[in-house]
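Here are some exercises to work through with the model open beside you. Try each task before reading its solution.

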Amino acid sequence: MHNELKITDMQTLESNKQTIEESSNPVSLNLPDFTTDSYKDAYSRINAIVIEGEQEAHDNYISIATLIPNELEELTKLARMEMKHKKGFTACGRNLGVEADMDFAKKFFSKLHGNFQIALEKGNLTTCLLIQAILIEAFAISAYNVYIRVADPFAKKITEGVVKDEYLHLNYGQEWLKENLSTCKEELMEANKVNLPLIKKMLDEVADDASVLAMDREELMEEFMIAYQDTLMEIGLDNREIARMAMAAIV
Ligand code: PL3
Ligand code: FE2
Ligand code: FE2
């Protein structure tokens, strides 16, 4: 299109070009090249993490339903959404010609997965909800919100649909904990102390690969903290309690 422009004044041309690009789509200026080997290599792990995360989220909601049988229907609905998410992200990898590194992803989740299983065995519902419906969902929301800004058009559309559901999932955990706050506060604090550092570690572990996808670590942390703190506030914790909980990430 620039060939068609016969403007001799280069300055005018430059400033026109900038205005056009800025006004049409400022984000697209920073989109990575989705076809490079380095992009695909990083994507093989990130995509696997997301696929594994969605599968485990499904399994976790089914497990949580065994602790709240009268919520079976609602929890089954959430679990079904997770399987849809998994399918969506599997398609994203296929679309880019990437094979997901599932062994890597299983290891990535193993510690958190183990803690969830222990809580489930003990019937510690508050801990299960904190791990799945608060920490993992807030982690997913932060990742998906940042990814949407730099994703290929196919993945962007899918991720936009997914992130809306994840807010519903976060909200589910939030409402249960809010209603039961008087009896679950202590367990909530304790479970957070153990599991928030794991989320922080996972974020650190994925940061290098994420940066290849043009996802910024600080931005991921910021998005996580927004979703996490918002939820704790809605649950009914005060500023000091929220600060204390968030602090668990930096020790
Ligand atoms: C809950 O519904 C799903 C849990 C998934 C956890 C995802 C964590 C993702 C961290 C990696 C960030 C990259 C996002 C890119 C998406 C292809
Ligand atoms: Fe999901
Ligand atoms: Fe979810």
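The bend at a residue is the angle between two fitted axes, one through the seven residues ending there and one through the seven starting there. Keep that handy for Exercise 4, and bear in mind that this is a predicted model.

**Exercise 1. Get your bearings: how many helices and strands does the protein chain have?**

Step 1. Count the elements: the chain has 9 helices and 0 strands. Read along the sequence, that gives α-α-α-α-α-α-α-α-α.

Step 2. Check burial: of the 251 residues, 48% are buried.

Step 3. Look at contact range. Take contacts between residues at least 6 apart in sequence, and 81% of them join residues at least 24 apart.

**Exercise 2. Which residues coordinate the iron ion (ligand 2)?**

Step 1. List the donors: Glu 54 (OE), Glu 82 (OE), His 85 (ND1) and Glu 166 (OE) sit at 2.0 to 2.2 Å.

Step 2. Write their spacing in sequence, which comes out as E-x27-E-x2-H-x80-E.

Step 3. Zoom in on the short gap. Glu 82 and His 85 are both part of helix H3 (residues 72-96), 3 residues apart, or about one turn of the helix. An α-helix has 3.6 residues a turn, so residues three or four places apart point the same way.

Step 4. Add burial: Glu 82 and His 85 are both buried.

**Exercise 3. Now the iron ion (ligand 3): what are its protein donors, and why is the arrangement irregular?**

Step 1. Glu 82 (OE), Glu 137 (OE, listed twice), Glu 166 (OE) and His 169 (ND1) are the protein donors, 2.0 to 2.4 Å from the ion. Their spacing reads E-x54-E-x28-E-x2-H.

Step 2. Inspect the angles. The 6 donor atoms subtend 56 to 157°, which makes the arrangement irregular. For reference, ideal angles for six octahedral donors are 90 or 180 degrees.

Step 3. Find the link between the ions: Glu 82 bridges ligand 3 and ligand 2, which lie 3.2 Å apart.

Step 4. Place two of the donors. Glu 137 belongs to helix H5 and His 169 to helix H6, so the pair ties together parts 32 residues apart in sequence. Both Glu 137 and His 169 are buried.

**Exercise 4. Where does H5 bend, and by about how much?**

Step 1. Start with length: H5 has 24 residues and reaches 32 Å from its first C-alpha to its last, close to the 34 Å expected.

Step 2. Apply the definition from the top: H5 bends by about 30° at Glu 137. Glu 137 is also a donor to the iron ion (ligand 3).

Step 3. Check the surroundings. Because 24 of the 24 residues of H5 are buried, the helix is largely enclosed by the rest of the structure.

**Exercise 5. Which residues have the most contacts inside the largest nonpolar core?**

Step 1. This core has 80 residues, and Tyr 43, Ile 64 and Tyr 228 have the most contacts inside it.

Step 2. Trace the contributors: elements giving two or more residues include helix H2 (37-67), H3 and helix H7 (181-212). The largest share, 18 residues, comes from H5.

Step 3. Pick out Ile 64. Beyond its neighbours within four places in sequence, Ile 64 contacts Leu 75, Phe 116, Leu 125, Cys 128, Leu 129 and Gln 132.

**Exercise 6. Is Ala 249 buried or exposed?**

Step 1. Locate Ala 249 in the segment after H9.

Step 2. Its relative accessible area is 15%, and buried means under 20%. Ala 249 is therefore buried.

Step 3. Leaving aside neighbours within four places in sequence, Ala 249 touches Leu 196 and Lys 200.

Key: Residues are numbered from 1 along each chain as its sequence is written. Chains are lettered from A and ligands numbered from 1 in the order in which they are written. This is a predicted model: local features need pLDDT of at least 70, side-chain atom pairs count only at pLDDT 80 or more; totals for chains, interfaces and linings use all residues. Side-chain values use heavy atoms; hydrogens and water are left out. Donors are N, O and S atoms within 2.8 Å of the metal (3.2 Å for Na, K and Ca); water is not among the atoms, so sites may look incomplete. Helices (H or I, at least four residues) and strands (E, at least two) are DSSP runs, numbered from the N terminus. Buried means under 20% relative accessible area, exposed over 50%, partly exposed in between (1.4 Å probe, protein chains only). A nonpolar core is a set of buried Ala, Val, Leu, Ile, Met, Phe, Trp, Tyr and Cys residues joined through side-chain atoms within 4.5 Å. Contact means heavy atoms within 4.5 Å. Four donors count as tetrahedral if all angles lie between 85 and 135 degrees; four count as square planar and six as octahedral if opposite donors are over 155 degrees apart and all others between 65 and 115; anything else is irregular. The expected span of a helix is 1.5 Å times one less than its number of residues.
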